[in-house]
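Trainee: I've got a structure open and I'm not sure how to read it. Could you walk me through it, one feature at a time?
Mentor: Sure, let's have it on screen.

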Amino acid sequence: MDVDLRRRARLFRWLRLGVLVLVVGYFFAPYDVQAVIPVWLLFALAVGLEIDFFVGGWWQARQGAEHGPVDRGPQPRDIEELGPQYDEWEPISLFPSEWYGKPVAAARPYWRYVAEALGALAVVAVILYFAVRPSGWDAVSPENQAKAEAVFSREASRIAGHPATVGCDESGQQVGYVQHADGVAEVGGNHAYLTPDICNTLYQLAFKDRVRSSSQTARAIAVLGHEAQHLRGIRNEGLANCYGFQSGVDIGVSLGLSESRARSMMREQLVTPPPSLEYRVPSDCRV
């Protein structure tokens, strides 16, 4: 039975490794894949594997258990080869009598299998925890989200010349996954929407004094400036870009950048190729 148990243990080590590979793959999988596969399903798979290991091993041991007394005396083949055993013969004692006690069977390493199972479940749980915990804009508390949107709205209102509100479109119904853009605004209206990633980049700058990267932060500032220009009444995308870069300098300073760095970021955006021809800025645009 020990041989069977060791064989099962080796098999389940490979199966645990397979589950671990699946979990790591889930961690790096695209959002669409993570949205389809619930995280609890992977953890249930890991737990089910360990339950099967222990329950299956217990059942296998029970099915193969010996019943009734076991004759541990000489077997017929031994008597035939070595001769009969005479109970009246006394063994010669060369060592103290306590040395001739019944040998103690070595303890089976069941604890090692338990430790392996618990360790595998712990690794799976930790990886899945980091895979599903809130990140980006979702990790910002509702109170700080509201404060951030108030700051974005203040900047947009200043540029638009009238009260305006800027919201972060977490549902993706206004911008992002549906519109395939970083922002959207009513031309001459009062409402604009930014993607959660743009909102998080601006939040990190304004509230945490963090620049995620020069290009990301510059892009987020330019998007806010661009949508604010639409709220101002600028319909042409190229002009909204040009004016958005120019007003982006003031936005960057208001959110915590130095004027020189904010201007450098907007100049970088000015020379960055636009996503399409309609966003191309006029040749005389300057920042």
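Trainee: Which residues have the most contacts inside the largest nonpolar core?
Mentor: A nonpolar core is a set of buried nonpolar residues joined through their side chains. Keep in mind that this is a predicted model. Here the largest core has 39 residues, and Phe152, Leu194, Leu202 and Met266 have the most contacts inside it. Two or more residues each come from α6 (142-160), β1 (165-168), β3 (191-194), α7 (196-208), α8 (214-232), α9 (237-254) and α10 (259-270). The largest share, eight residues, is supplied by α8.

Trainee: What does Leu194 touch, leaving out residues up to four places away in sequence?
Mentor: Quite a list: Val166, Gly167, Cys168, Asp169, Val175, Asp182, Gly183, Cys199, Leu202, Val223, Leu224 and Glu227. There is also another core, lying apart from the largest one, with nine residues. Val19, Ala46, Leu49 and Val124 are among them.

Trainee: Let's zoom out. In what order do the elements run from the N terminus?
Mentor: The order is α-α-α-α-α-α-β-β-β-α-α-α-α, which comes to ten helices and three strands. Of the 287 residues, 32% count as buried. As for contacts with a separation of 6 or more, 67% of them involve residues 24 or more positions apart. The protein exposes about 18600 Å², with carbon and sulfur atoms supplying 58% of that.

Trainee: On to the strands. Which way does β3 run relative to β1, parallel or antiparallel?
Mentor: Parallel: β1 and β3 pair over four bridges. To find the pairing on screen, look for Val166, whose bridge partner in β3 is Ala192. On the other hand, β2 (residues 183-185) and β3 run antiparallel and are joined by three bridges. There, Val184 has Tyr193 of β3 as its bridge partner.

Trainee: How many residues sit between the strands in the hairpin of β2 and β3?
Mentor: Five, and Gly188 in that hairpin takes a positive phi near 75°.

Trainee: Which side chains of β3 are buried, and which are not?
Mentor: Start with the general idea. In a regular strand, side chains alternate between the two faces of the sheet. In β3, Ala192 and Leu194 point to one face and are buried. His191 and Tyr193 point to the other face and are not buried.

Trainee: Now charges. How many salt bridges does the count come to?
Mentor: The count is four. The general idea is that side chains of opposite charge can pair when their charged atoms come close. Take Glu155: its side chain meets that of Arg154 in a salt bridge, 2.9 Å from N to O. The side chains of Arg158 and Glu155 meet in a salt bridge too, at 2.6 Å.

Trainee: Why can Arg158 and Glu155 be described as about one helical turn apart?
Mentor: Because they are three residues apart in helix α6.

Trainee: Is Glu155 buried or exposed?
Mentor: Buried, with a relative accessible area of 2%. Arg154 counts as partly exposed at 45% relative accessibility, and Arg158 counts as partly exposed at 45%.

Trainee: Where else should I look for a salt bridge?
Mentor: Try Glu259 and Arg263, where the closest N and O atoms are 3.1 Å apart. These two are four residues apart in helix α10, so about one helical turn separates them. Glu259 is partly exposed at 48% relative accessibility, and Arg263 is partly exposed at 27%. Back in α6, salt bridges that share partners join Arg154, Glu155 and Arg158 into one network.

Trainee: Which residues form the nonpolar patch on the surface?
Mentor: Trp14, Leu17 and Val21, with about 360 Å² of accessible area together. Val21 is in helix α1 (residues 2-27) and counts as exposed at 54% relative accessibility.

Trainee: One last residue: where does Asn241 lie, and what does it touch?
Mentor: Asn241 lies in helix α9. Its relative accessible area is 10%, so Asn241 counts as buried, the cut-off being under 20%. Leaving out residues up to four places away in sequence, Asn241 touches His226, Tyr279 and Val281.

Definitions and conventions:
Residues are numbered from 1 along each chain as its sequence is written. This is a predicted model: local features need pLDDT of at least 70, side-chain atom pairs count only at pLDDT 80 or more; totals for chains, interfaces and linings use all residues. Side-chain values use heavy atoms; hydrogens and water are left out. Buried means under 20% relative accessible area, exposed over 50%, partly exposed in between (1.4 Å probe, protein chains only). Contact means heavy atoms within 4.5 Å. Accessible areas come from the Shrake-Rupley method with a 1.4 Å probe; for residues, only the protein chains shown count as cover. A nonpolar core is a set of buried Ala, Val, Leu, Ile, Met, Phe, Trp, Tyr and Cys residues joined through side-chain atoms within 4.5 Å. Patches are made of residues with over 30% relative accessible area and no salt bridge: like charges are joined within 9 Å, nonpolar side chains (Val, Leu, Ile, Met, Phe, Trp, Tyr) within 5 Å. Two strands pair if DSSP finds at least two bridges between them.
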